[in-house]
Amino acid sequence: MTGTGPPSLLYVSSGSRASELLGVTPGDIDWAKQLFYVVTKGTDDREAVPASPQALTALAAYLDRIGLPSAHDPVLRARRGPDRPLSYSAMRRSSSA
């Protein structure tokens, strides 16, 4: 069974690697086109990746709840402890619980 939070929905709906999603910043999200941009493995190229409407709705609610990070900070944040980017291991756990 997979999680249902924004990290899980983006991970499952986009087919992107966890490490790619962890780098997504507010400026990487194109809400109107339902896309976000990731830096692909082994390159510095940004690739447009589609996201499901459900994933973007969950992400919007998540960002409303936690607040929008600064333009260059990752949108996926740790839920416990001080404000910090979500770690790779926490991303994997939230997507496979």
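Burial, pairing and packing in a predicted model

Q: Why is Asp28 called buried?
A: Asp28 has a relative accessible area of 12%. Buried means under 20%, exposed over 50% and partly exposed in between, for a 1.4 Å probe and protein chains only; therefore Asp28 counts as buried.

Q: What kind of model is this, and on what basis are its residues numbered and its features accepted?
A: The model is predicted: local features need pLDDT of at least 70 and side-chain atom pairs count only at pLDDT 80 or more, whereas totals for chains, interfaces and linings use all residues. Residues are numbered from 1 along each chain as its sequence is written, and side-chain values use heavy atoms, with hydrogens and water left out.

Q: What makes the pair Asp28 and Arg46 a salt bridge?
A: The closest N and O atoms of Asp28 and Arg46 are 3.0 Å apart. A salt bridge requires a side-chain nitrogen of Lys or Arg within 4 Å of a carboxyl oxygen of Asp or Glu, so the pair qualifies. Asp28 belongs to the loop between α2 (18-21) and β1, and Arg46 to strand β3, so this pair ties together parts that are 18 residues apart in sequence.

Q: How many salt bridges does a search of the whole structure find?
A: The search finds three. Among them is Arg17 with Glu20, at 3.3 Å from N to O; another is Arg77 with Asp83, whose closest N and O atoms are 3.1 Å apart.

Q: How do you know whether Arg77 is buried or exposed?
A: The relative accessible area of Arg77 is 8%, so this residue is buried. Its partner in the salt bridge, Asp83, has 63% relative accessibility and therefore counts as exposed.

Q: Why does Arg17 count as partly exposed?
A: Arg17 has 43% relative accessibility, so its value falls in between the two limits for buried and exposed. Glu20, in contrast, counts as buried because its relative accessibility is 9%.

Q: Where is Arg17 placed, and which residues does Arg17 touch, not counting those up to four places away in sequence?
A: Arg17 is in the loop between α1 and α2. Arg17 touches Tyr11 and Lys41, where contact means heavy atoms within 4.5 Å.

Q: What makes α1 roughly antiparallel to α3?
A: Helices α1 (residues 6-14) and α3 (residues 53-66) pack at an angle of about 155°, with their axes 9 Å apart. Angles over 145 degrees count as roughly antiparallel, under 35 as roughly parallel, 65 to 115 as roughly perpendicular and the rest as oblique; α1 is therefore roughly antiparallel to α3. Residues of α1 that meet α3 include Leu9 and Leu10, and those of α3 include Ala58 and Tyr62.

Q: Why are β1 (29-30) and β3 (46-50) called edge strands?
A: Three strands form an open antiparallel sheet in the order β1-β2-β3. Each of β1 and β3 pairs on one side only.

Q: How do you know that β2 (residues 35-39) pairs with β3?
A: Five bridges join these antiparallel strands. Two strands pair if DSSP finds at least two bridges between them, so β2 and β3 meet the criterion. Within this pairing, Val38 stands opposite Glu47 in β3.

Terms used:
Helices (H or I, at least four residues) and strands (E, at least two) are DSSP runs, numbered from the N terminus. Axes are lines fitted to C-alpha atoms, for helices over the stretch in contact, and angles run from 0 to 180 degrees between N-to-C directions.
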